[in-house]
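Hi,

Here is the structure I promised to pass on. Have a look at it first, and then read my notes underneath.

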Amino acid sequence: FRPLFAALPVLMLATPALAQKVDPKIKAEFDKTDANKDGFLTRAEIDARVARMDVGKNKMPPGKAKAISGAWFNTADANHDGKVSPTEMQGLFRALASRYDTNRDGVVSLDERTAARAAVIGPQAGAKAPAGR
């Protein structure tokens with residue numbers, strides 16, 4: 001789960017003029033997921049990546065992982081060609097960053113990140129939201 005939100009602060013600084021230039025951090029995450037190295041992500045590659053993600057001290061439950069990967073893939077595949085390009089992945093991450101920057105200051109703070117995480121996977125038992133950034 002962490003990689004999905006790790007790049008959000010960087011993305012807030014990106015400008016629309018850079019839409020075709022993929023941020024190196026996003027490209028690195030893309031390359032880790034692109035198992036067959038064809039330059040596109042398939043639904044199977046997304047499913048496998050999400051299934052490997054840790055949620056706190058635990059693995060994500062398989063049903064939740066499948067739902068998240070399905071939603072991620074369907075949203076990222078902007079042209080509906082059945083695969084996700086690096087540019088499409090960056091577009092999704094920019095949209096997520098914009099959505100979770102609730103005070104519109106150009107930064108996804110720790111509080112905003114915690115709220116985003118809770119919205120996706122639910123609050124963790126006993127977890128307290130961090131104060132500040």
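Below is what I found in it, going from the overall fold to single residues.

A word on the ground rules: this is a predicted model, so local features need pLDDT of at least 70 and side-chain atom pairs count only at pLDDT 80 or more, while totals for chains, interfaces and linings use all residues. Residues are numbered from 1 along each chain as its sequence is written, and side-chain values use heavy atoms, with hydrogens and water left out.

**Overall**

The chain has 7 helices and 2 strands, in the order α-α-α-α-β-β-α-α-α from the N terminus. Both kinds of element are DSSP runs numbered from the N terminus: H or I with at least four residues for helices, E with at least two for strands. Of the 133 residues, 36% are buried. Here buried means under 20% relative accessible area, exposed means over 50%, and partly exposed is in between (1.4 Å probe, protein chains only). About 7700 Å² of the chain is exposed, and carbon and sulfur atoms supply 60% of that; the areas come from the Shrake-Rupley method with a 1.4 Å probe, and for residues only the protein chains shown count as cover. As for contacts (heavy atoms within 4.5 Å), take those between residues at least 6 apart in sequence: 55% of them join residues at least 24 apart.

**The core**

The largest nonpolar core has 20 residues, and the members touching the most others are Leu41, Val50, Trp72, Val84, Met89 and Phe93. Helices α3 (24–33), α4 (43–52), α5 (62–76) and α6 (86–100) each supply at least two residues of this core. By nonpolar core I mean a set of buried Ala, Val, Leu, Ile, Met, Phe, Trp, Tyr and Cys residues joined through side-chain atoms within 4.5 Å.

**Salt bridges**

The whole structure holds 5 salt bridges, each being a side-chain nitrogen of Lys or Arg within 4 Å of a carboxyl oxygen of Asp or Glu.

Asp47 is the one I would look at first. This residue sits in helix α4 and counts as buried because its relative accessibility is 15%. One of its partners is Arg43, with the closest N and O atoms 2.9 Å apart. Those two are 4 residues apart in α4, so about one helical turn separates them. Arg43 itself is partly exposed, at 30%. Asp47 also meets Lys66 in a salt bridge (3.1 Å, N to O). That pair links distant parts of the chain, with Lys66 in helix α5 and Asp47 in helix α4, 19 residues apart. Lys66 counts as partly exposed because its relative accessible area is 48%. Leaving aside residues up to four places away in sequence, Asp47 touches Lys66 and Ser69.

Helix α3 has a pair too: Glu29 and Lys32 form a salt bridge with the closest N and O atoms 3.5 Å apart. Both lie in α3, 3 residues apart, about one turn of the helix. Glu29 is buried at 16%, whereas Lys32 is exposed at 53%. Together with Arg49, Glu29 and Lys32 are linked in a network of salt bridges.

**The loop after α6**

What does Asp101 do without a salt bridge? Asp101 lies in the loop between α6 and α7 (110–121) and is buried; the nearest side chain of opposite charge, Arg104, is 5.2 Å away. (Lys and Arg count as positive, Asp and Glu as negative; His and the chain ends are not counted.) The side chain of Asp101 does reach the backbone nitrogen of Gly106, at 2.8 Å. In the other direction, the backbone oxygen of Asp101 lies 2.7 Å from a polar atom of the Arg104 side chain. The Arg104 side chain also reaches the backbone oxygen of Ser98, at 2.4 Å. For polar contacts, the rule is a pair of N or O atoms within 3.5 Å; within protein, one must be able to donate a hydrogen and the other to accept it, and residues adjacent in sequence count only if both atoms are side-chain atoms.

**Positive phi**

Which residues other than glycine have a positive phi? Arg104 is one, at about 55°, and its relative accessibility of 57% makes it exposed. His80 is another, with phi near 55°. His80 belongs to the loop between α5 and α6 and is exposed, at 64% relative accessibility.

Cheers
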